[in-house]
Amino acid sequence: MTDFAATKALFDLPPGMIYLDGNSLGPLPRAAPARVAQAVTAEWGQMLIAGWNRGAGGAGWMAQPAILGDRVGRLIGAEPGHTVLGDTLSIKVWQALAAALALRPDRRVILSDSGNFPSDLYMAEGLTGLLGQGYALRVVEPRDVAAAIGPDIAALMLTEVDYRTGGRHDMPALTALAHAQGAVSVWDLAHSAGALPVDVAGGGADFAVGCTYKYLNGGPGAPAFIYVAPRHADIARPALSGWLGHARPFAFDPTYTPGARVERMRVGTPPVLQMAALDAALDIWDLVDMADLRAASLALTDRFIAGVEGTCPMLTLVTPRDHDRRGSQVSFRFADGYGAMQALIARGVVGDFRAPDIMRFGFAPLFIDATDVDRAVAIIAQVMAGRLWDDPAYRARHAVT
Ligand SMILES: Cc1ncc(COP(=O)(O)O)c(C=O)c1O
C-alpha cells in the first residue's frame, strides 16, 4: 500500500495552505532545491562542458531526456525506450500530430473536440494552415467524438481528461474506433499523467504527449514528454527535425537522418536544470502504486463533491459523478467564479478559475488528504454562504487565472 502520509511529508507546502491546484502546477518536492543546486554548482559549475557525457567527470545530461522519459513512461504504461522528454507540450502536440498525419497521407482531417485545451487546437490549426492541400481540423462536442470518427479521419487528437470539466474520455475505446476506421490517435495526457493510471500500450495509443509540471511536480517550465508506439517508432517522421533527433548529432552531417525510435522526437538542447528538479520529483513517484493513487483520488473527489454539494447549493457540479468518466479534479460552475476563487485563495484554499465560469479544484493524493478536503469544504461553505466573494478586491483579473 502506498503511504500517502509519507509522500505528503516529501513536499514543501506553505503552512496553512490547502493546495488544490496541483493539476496546474505541482508543489515543490523537498529534495528538489538541493538536486537543482547540485546540478548548478557541482555539475555546471565544476564539470562545465563535461557535464553532457556520462562517466568520470560527467553528469550524463545528454542521456537524461531518455532516462527520465522512461520514468515518466512507467506512469503512463509505456513500453521502456518509447518515451522521451523535451520542449513544451504545445510543441510535442504539433510534433505528434505532424507525424500522425504523415502516417495517413491519403487523408486530410484531424478530429478533435471542443473540450480540448486551446493550445492543442491552435497547434492543429497552425499545422493544417501550413500544410494547405485541404488539411483541416474538425471540432465536435466531447459527447459526439465517437460518432464523428469516420473513414476520412487521419488523426484523432484528444486530451484524455478535459482541463475544464475533469471529464474523462474512454481512451482504449476511442482509440479502437479510430483504428477500425484507419485513423491514428494522438492523446494529450496533461491531466492524466500522475493523476490516474494510464495504459498507453494496452490502450493502443499511437502517440501520447503530456507535461511534467502538473501532477508530476517537475516545477514551472518542466519539459514535456512524447510517447510513440513501438510499431511506429522507426517510421514516424519527426517534422521538427532538430539536431538532437538526428541519428548521429555529433557527426554534424548537413542532411538529416532520424535517430532510432523515440529519440528522433528530440529537437534541441535539453533543459538540464529543469530535468534536475524533475528527477527529484520522480523519486517520489517511485513510492507510488497507481491503483492506490486512483483509489485515493476517487475517495478525495467523492468527499469533496459531497461536502460542497451539501453546503453550497449555488455551485453546480460539472465534473462527471461516474468514476470511470472522472479525472482527478472537480469543477463547479458559478457565475461569479473568478471572484469566489480569489476569496478562497485569500483564505488559503488555492484552486483556479477557467473562463467563463468554472471553479476548478485539483486533488493530488501525494500531498492532499481527507483533512485538507474537509477544511477546504468548510472554507468554501463560509465564503459562499456569506457572499464573501462579493468584494471589489476580488474582481480585478490577474493575467494568470
Ligand atoms: C491539456 C493541455 N494541453 C496543452 C497545454 C499546453 O502546454 P504547454 O504550455 O506546456 O505548451 C496545457 C497547459 O496547461 C494543457 O493543459
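**Exercise 1. In what order do the 4 strands of the open sheet that includes E11 stand, and is the pairing parallel or antiparallel?**

Solution. Begin with the ground rules: this is a predicted model, in which local features need pLDDT of at least 70, side-chain atom pairs count only at pLDDT 80 or more, and totals for chains, interfaces and linings use all residues. Residues are numbered from 1 along each chain as its sequence is written, and side-chain values use heavy atoms, with hydrogens and water left out.

Strands (E, at least two residues) and helices (H or I, at least four) are DSSP runs numbered from the N terminus, and two strands pair if DSSP finds at least two bridges between them. With these terms, the order reads E11-E12-E15-E14, and the pairing is antiparallel. The edges are formed by strand E11 (316-317) and strand E14 (352-354), each of which pairs on one side only.

Next, follow one pair: strand E12 (residues 329-333) and strand E15 (residues 358-362) are joined in the antiparallel sense over 5 bridges, and valine 330 stands opposite phenylalanine 361 in E15. Finally, helix H12 (residues 337-346) lies across E14 and E15, running at about 35 degrees to E15; such angles run from 0 to 180 degrees between N-to-C directions, with axes fitted to C-alpha atoms, for helices over the stretch in contact.

**Exercise 2. Find which residues have the most contacts inside the largest nonpolar core.**

Solution. A nonpolar core is a set of buried Ala, Val, Leu, Ile, Met, Phe, Trp, Tyr and Cys residues joined through side-chain atoms within 4.5 Å, where buried means under 20% relative accessible area (1.4 Å probe, protein chains only). The largest such core has 82 residues, and Val200, Phe304 and Phe361 have the most contacts inside it. Helix H13 (residues 370-385) gives this core its largest share, 8 residues.

Then take one residue: leaving aside residues up to four places away in sequence, phenylalanine 304 touches Leu20, Val330, Phe332, Phe361, Phe363, Val373, Val377 and Ile380, contact being heavy atoms within 4.5 Å. A second, separate core has 31 residues, including Ala98, Ala190, Val228 and Met265.

**Exercise 3. Trace strand E8 within its sheet and state how many of its residues are buried.**

Solution. The sheet is open and has 7 strands in the order E4-E10-E9-E8-E7-E5-E6, with mixed pairing, and its twist averages 20 degrees from one strand to the next. On one side, 3 bridges join strand E8 (residues 184-188) to strand E9 (residues 207-210), the two running parallel, and valine 186 has phenylalanine 207 as its bridge partner in E9. E7 and E8 also pair in the parallel sense, over 5 bridges, with threonine 159 opposite aspartate 188 in E8.

As for burial, 5 of the 5 residues of E8 are buried: Val184, Val186 and Asp188 point one way, and Ser185 and Trp187 the other way.

**Exercise 4. Identify residues that surround the ligand, and give the distances of polar side-chain atoms from it.**

Solution. Among the residues around the ligand are Thr88, Thr159, Asp188, Ala190 and Tyr213, counted where a heavy atom lies within 4 Å. For polar contacts (pairs of N or O atoms within 3.5 Å; within protein, one must be able to donate a hydrogen and the other to accept it, and residues adjacent in sequence count only if both atoms are side-chain atoms), begin with aspartate 188, where a polar side-chain atom lies 2.7 Å from a nitrogen atom of the ligand. In the side chain of tyrosine 213, an N or O atom is 2.7 Å from an oxygen atom of the ligand, and for threonine 88 the distance from a side-chain N or O atom to a ligand oxygen atom is 3.3 Å.

Technical notes: Buried means under 20% relative accessible area, exposed over 50%, partly exposed in between (1.4 Å probe, protein chains only).
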